[in-house]
Amino acid sequence: MQHFMCKPQGVCARLVEFDLDGDTVHNISFVGGCNGNLKAIGSICEGMTVAQIEKAFTGIDCGGKGTSCSDQLAKCLHQALQQAKG
């Protein structure tokens with residue numbers, strides 16, 4: 001299992017941390033942002049694959065920002081999976 005940290009862009013959260021076991025996601029946590037909502041996202045996504053999370057969250061907008069914490073999570077996971085594959 002590999003641990004990753006990612007700085008999301010354009011949202012209130014300042015950092016996303018998670019573990020990847022192959023393409024399966026574990027232990028998602030956010031620093032900053034809407035604490036309760038982000039804990040819920042982490043809980044819902046526990047054990048899902050990167051592809052499942054990307055399908056569910058890519059393109060979600062928050063307050064007209066053109067992105068959201070969930071959209072940024074999907075982007076971070078995609079980048080981490082690509083990095084893990086080498």
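**Aromatic pair and two threonines**

Mentor: One aromatic pair is counted in this predicted model, taking rings of Phe, Tyr and Trp (its six-membered ring) with centres within 6.5 Å.

Trainee: Which residues form the aromatic pair, and how are they arranged?

Mentor: Phenylalanine 4 and phenylalanine 18 are stacked, with 5.7 Å centre to centre and 20° between the planes. Planes under 30 degrees apart count as stacked, over 60 as edge-to-face and the rest as tilted.

Trainee: Which parts does the pair tie together?

Mentor: Phenylalanine 4 is in strand S1 (residues 2–6) and phenylalanine 18 in strand S2 (residues 15–21), so the pair links parts 14 residues apart in sequence. Strands are DSSP runs of E, at least two residues, and helices are runs of H or I, at least four, numbered from the N terminus.

Trainee: Are those two phenylalanines buried or exposed?

Mentor: Both phenylalanine 4 and phenylalanine 18 are buried, meaning under 20% relative accessible area with a 1.4 Å probe, protein chains only.

Trainee: New topic. Where is threonine 67 found?

Mentor: Threonine 67 sits in the loop between helix H2 (50–57) and helix H3 (69–85). Its relative accessibility is 7%, so threonine 67 counts as buried.

Trainee: What does threonine 67 touch?

Mentor: Leaving out residues up to four places away in sequence, its contacts include Gln9, Ile60 and Gln72; contact means heavy atoms within 4.5 Å.

Trainee: And threonine 49?

Mentor: Threonine 49 is in the loop between helix H1 (35–45) and H2. With the same sequence exclusion of up to four places, it touches Asp23, Thr24 and Val25.

Trainee: Any ground rules?

Mentor: Residues are numbered from 1 along each chain as its sequence is written, and side-chain values use heavy atoms, without hydrogens and water. Local features need pLDDT of at least 70 and side-chain atom pairs 80 or more, while totals for chains, interfaces and linings use all residues.

Methods
Buried < 20%, exposed > 50% of the residue type's maximum accessible area, 1.4 Å probe, protein only.
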